[in-house]
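Good morning, colleagues. Please take a moment to look at the model on the screen, and I will then go through it region by region.

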Amino acid sequence: MQADPPLDTRGRHLRDLRISVTDRCNLRCSYCMPAEVFGPNYRFLPRSDILSYEELTRLARVFAALGVKKLRITGGEPLLRRDLPQLIAQLRTVAGIEDIALTTNGLLLPAMARDLKAAGLDRVTISLDSLNDATFGRMNGKGVGVAPILKAVESALQTGFTPVKINMVVQRGVNDHEIEEMAKRWRGTGVVVRFIEYMDVGTTNGWRMNDVVPAREIVARIGARWPVESADPNYPGEVASRWRYADGQGEFGVISSVTNTFCGDCTRARLSARGELFTCLFAATGHDLRALVRNGQSDQALTVTIAALWQARDDRYSELRAANAAPTAKAEMSYLGG
Ligand code: SAM
Ligand code: SF4
Ligand code: SF4
């Protein structure tokens with residue numbers, strides 16, 4: 001099955017698919033799943049609502065036929081999904097997929113890193129917002145300290161994932177005083193830290209523009225300690241802009257989704273755990289692919305439907321936010337996949 005690669009209304013290809021394998025998580029980061037909202041009575045999706053590995057692999061095959069080359073497994077916390085290496089092994093069989101990456105909070109990684117690697121996972125990104133137990137415990141909403149996440153980074157390195165990346169969501173007055181310390185900790189280790197501007201995903205995190213530390217400030221603060229120079233993107237449409245330490249001690253990235261938007265290059269689609277296609281991280285609703293998959297549609301019919309959805313895509317939320325014209329209804333990131 002080969003189809004003409006569709007272009008959306010703004011001339012963007014479909015290249016990356018982020019697959020949320022669960023809406024559940026073992027942390028409650030205040031910027032993503034605040035504990036007050038995602039409390040004991042919160043109703044997560046029942047198992048039967050979530051796409052099976054067979055269904056996910058079938059959809060991945062259809063997306064690959066439409067031009068997707070990279071997959072990212074995310075959530076929620078993807079390592080909570082049972083037998084995740086099995087999904088990776090199944091996705092590895094999909095023709096056209098060049099890269100499979102995982103974003104995780106790391107808590108369950110040491111026990112699973114080898115199996116994930118053996119199954120064919122290429123890259124791992126681990127989220128770590130602070131090197132201070134008190135700050136990190138507050139931010140992750142569960143009082144979890146830094147040690148288990150450092151252990152996860154170590155296990156990823158030892159297993160041979162390259163490069164290992166760390167995501168740090170920077171919030172003014174919460175953890176921004178640790179930008180330099182985070183840079184220092186990982187300089188020269190081969191680990192690439194990506195400093196992420198705090199985003200207004202979903203509607204529950206109480207986001208305010210004042211909480212955002214602009215990417216240019218992050219770069220200036222690190223550059224004041226160690227001279228840095230900008231580096232070319234690894235590939236067109238790379239989300240993070242890359243910065244290299246002039247003394248050869250590696251690189252870091254900044255993701256400026258708020259202050260320097262990159263919608264023009266956005267080739268990413270997202271598949272929610274329920275099997276809805278979201279064409280933007282900030283979309284309010286998705287398109288129900290699960291119904292099509294479970295109603296016995298052929299691969300050909302699925303291909304035609306997804307191509308049409310992509311061709312109708314007009315999303316550019318971050319640009320609209322910058323112009324004070326953004327819509328307010330949005331799905332939660334833990335649901336549609338970060
Ligand atoms: N649970 C996994 C983890 O934390 O790595 C994967 C899912 S999480 C939604 C994916 C990424 O989104 C994480 O690196 C997280 O820090 C980031 N993220 C979540 N909420 C965010 C927000 N409001 N602004 C910026 N990044 C956010
Ligand atoms: Fe869970 Fe990841 Fe969201 Fe934190 S950022 S609450 S670890 S899904
Ligand atoms: Fe892509 Fe939407 Fe983010 Fe713009 S706001 S870069 S269209 S996901």
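Asp83 sits in the loop between strand 2 and helix 2. This is a predicted model, and in it Asp83 has a positive phi of about 55 degrees although it is not a glycine. As background, most residues other than glycine have a negative phi, and most peptide bonds are trans. A second backbone feature concerns the peptide bond from Thr162 to Pro163, which is cis, with omega near -15 degrees. Pro163 belongs to the loop between helix 5 and strand 5.

Let me turn to the sheet. In what order do its twelve strands run? The order is 7-8-9-6-5-4-3-2-1-10-11-12, in an open sheet with mixed pairing. At the edges are strand 7, residues 228-231, and strand 12, residues 287-288, each of which pairs on one side only. Helix 2, residues 84-92, packs on the sheet and touches strand 1 (16-20), strand 2 (70-74) and strand 3 (99-104). The direction of helix 2 makes about 155 degrees with that of strand 3. Helix 5, residues 147-159, also packs on the sheet, where it touches strand 4 (123-127) and strand 5 (164-170). Between the directions of helix 5 and strand 4 the angle is about 170 degrees.

I would now like to follow the pairing at either edge. Strand 7 pairs with strand 8 in the antiparallel sense over four bridges, and Val228 stands opposite Tyr245 in strand 8. Strand 8 in turn pairs with strand 9, residues 251-255, again in the antiparallel sense and over four bridges. Here Ser241 has Val254 of strand 9 as its bridge partner. The hairpin of strand 8 and strand 9 has five residues between the strands, and within this hairpin Gly248 takes a positive phi near 80 degrees. At the other edge, strand 11 (residues 276-278) and strand 12 are antiparallel, with two bridges. Leu277 is placed opposite His287 in strand 12.

Ser241 brings us to the second largest pocket. How much space lies in that pocket? The value is about 330 Å³. The pocket is lined by 23 residues, of which Val239, Ser241, Ser256, Asn260 and Phe262 are the closest to its centre. Helix 7 (215-225) and strand 8 (241-245) each supply at least two residues of this lining. By class, the lining comprises eleven nonpolar, six polar and six charged residues.

Phe262 leads on to ligand 3, since it appears in that shell as well. Around ligand 3 we find Phe262, Cys263, Cys266, Arg268, Arg270, Cys280, Leu281, Phe282, Arg313, Asp315, Tyr317 and Ser318. Strand 10 (268-271) and helix 10 (317-322) are the elements that give two or more residues to this shell. Its make-up is seven nonpolar, one polar and four charged residues.

Finally, which residues are around ligand 2? They are Cys25, Leu27, Cys29, Tyr31, Cys32, Met33, Gly76 and Asn105. The shell around ligand 2 has six nonpolar and two polar residues, and no charged ones. By contrast, the shell around ligand 3 includes four charged residues.

Thank you for your attention.

Conventions:
Residues numbered from 1 in each chain as written. Chains lettered and ligands numbered in written order. Predicted model: local features only at pLDDT ≥ 70, side-chain atom pairs only at ≥ 80, totals over all residues. Heavy atoms only, no water. Near = heavy atom within 4 Å. Nonpolar A, V, L, I, M, F, W, Y, C, P; charged D, E, K, R; others polar. 1 Å grid on protein atoms, 1.4 Å probe; cavity = no way out; pocket = protein on both sides within 12 Å on 5 of 7 lines; lining within 4 Å. Points joined across faces, edges and corners; volume = space filled by probe spheres on them. Pairing = 2+ DSSP bridges. Contact = heavy atoms within 4.5 Å. Axes fitted to C-alpha atoms, helices over the stretch in contact; angles between N-to-C directions.
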